[in-house]
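Got the structure open in your viewer? Here is a short tour, one selection at a time.

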Amino acid sequence: MLLSGFQPKADEPPAQTEPENKIEKVENILVVRQHNQIGDMLCSLPLYAALKKKYPDSSITLVAAKTNYEIPFFEINPFLNRVIIFDKQNLKSIFHFFKKLRDRKYQIGIVPSTIKVSRTSHILNYLSGAKIRIGVKSIDGVENSSHKLLNLKADFIWKGIHQRERNLDVVKQIGCDITEEEKQSLKLQFGNDDLREAERFINENFPDRSKKIIGFHTGAGKTANTWDTRKFIELIKRLRVDYNNYILLTSGWTDEPIIKDVSSALSTSNINFTVAHNLRVRQLATLISRVNLFITNDTGTMHVAGSTEAEMISLFGPTNPNEWAPTGENKYFIKSRTENINDISVDEVFNLSKKLLEE
């Protein structure tokens, strides 16, 4: 059996799925994924959807690492039933973690090493007592040093393969899969409260429905993924000259210094704008879904926008957009030819923006 995304080595057969046949009923599934930034979580949704499709009555537990800000796991991932945070700051927190981890029996334990291999994740998966432990044996020819803690694994060739597909490939080893249509349907779901709040925000800040709304996310979690603030300001000004549009700036908890610079420059030029700061994920997604065009750096907000029907342009520096960019018919990206995001010109973004706004 040859699964999309991985190749067996010439001297050994593909990984087999016989161990699963020893399980009469799958009641509990464990996923150990310590890389749990918002973008990573959204890209992993196909894995959870495929698990629930094959095992609809199962309960899925996620083991996630402690972060310095709150991740809204259940807001992002409707397939989760429980989240356990691995907090290793002291012996007491470790004891409480293992007490929670071992309070139920797992038939399946998964370590989806699609970003990098974590030895700790494999140890936690093993110590959970899961009967079938699934993961990767090697990635692009580099062996996973912890693969002996798995009993169902494969050699994956993933260069240039999108993270969504990588996550899905891991659980294809136990026959879990979803269709292309099902993949495209994995959008953030808006509640009535989210829709009402977005409508209120639009009415208060962008009352003239004949004017376009263009959104911009000018920050990013990494400096290498942050397009020069001066270029964003020039782009905003040029688009406003042509379209007399409303301007929405989105901002997360790490973006305040950049937002201050952009706000100051626009205020000095007497340009009106609105900032949506630190919204909940679903609130942010609902609001972005209402704009005519959203332009963003490669960061968590890009993935939030990608989980909506919004038309968008993502800007990429060193990261491979074939592996990370939002997918869909109205999702576009511009990749720096030099790996330096600031080598993307304002003209490139402006011309693509005009094309999309005028179609």
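How do the residues lining the largest pocket divide into nonpolar, polar and charged? Keep in mind that you are looking at a predicted model. The split is 13 nonpolar, 17 polar and 7 charged.

**Stop 1: the largest pocket.** Select Q37, I38, Y69, T299 and G300; of the 37 lining residues, these lie nearest the centre of the pocket. The space here comes to about 1100 Å³. Now colour α2 (38–43), β9 (246–251), α12 (281–288) and α13 (300–306), each of which supplies at least two lining residues. Which of them gives the most? That would be α13, with 4 residues.

**Stop 2: the largest cavity.** Next, look for closed spaces: there are 2 cavities of 30 Å³ or more. The largest has a volume of about 190 Å³. To get to its centre, pick R164, H303, G306, S307 and P326, the closest of the 16 residues that line this cavity. Keep α2 and α13 coloured and add α8 (180–184), since these are the elements that give two or more residues to the cavity lining. By class, you'll find 7 nonpolar, 6 polar and 3 charged residues around the largest cavity. So α2 and α13 turn up at both stops: each supplies at least two residues to the lining of the largest pocket, and each gives two or more to that of the largest cavity.

**Stop 3: the second largest cavity.** Here about 80 Å³ of space is waiting. Select V32, R33, Q34 and H35, then V111, P112, S113, T114, I115, K116, S118 and S121, and you have the lining of the second largest cavity. These residues divide into 4 nonpolar, 6 polar and 2 charged.

**Stop 4: the sheet.** Hide the side chains and go back to β9, which you coloured at the pocket. β9 belongs to an open sheet of 6 strands, and you can walk across them in the order β10-β9-β8-β11-β12-β13, with parallel pairing. Why is one side of β10 (274–277) and of β13 (331–335) left without a neighbour in the sheet? Both stand at the edges and have a single partner strand each, so nothing in the sheet flanks the other side. Ignoring direction, neighbouring strands are turned by 20 degrees against each other on average.

**Last stop: one strand pair.** Zoom in on β11 (residues 293–297) and β12 (residues 312–316), parallel strands joined by 4 bridges. Finish by selecting F294, with M312 of β12 standing opposite.

Key
Residues are numbered from 1 along each chain as its sequence is written. This is a predicted model: local features need pLDDT of at least 70, side-chain atom pairs count only at pLDDT 80 or more; totals for chains, interfaces and linings use all residues. Side-chain values use heavy atoms; hydrogens and water are left out. On a 1 Å grid over the protein atoms alone, a cavity is a set of points where a 1.4 Å probe fits but cannot get out, and a pocket is an open set with protein on both sides within 12 Å along at least five of seven lines; lining residues have an atom within 4 Å of a point. Grid points are joined across faces, edges and corners, and a volume is the space filled by probe spheres set on the points. Ala, Val, Leu, Ile, Met, Phe, Trp, Tyr, Cys and Pro count as nonpolar, Asp, Glu, Lys and Arg as charged, and the others, Gly among them, as polar. Two strands pair if DSSP finds at least two bridges between them. Axes are lines fitted to C-alpha atoms, for helices over the stretch in contact, and angles run from 0 to 180 degrees between N-to-C directions.
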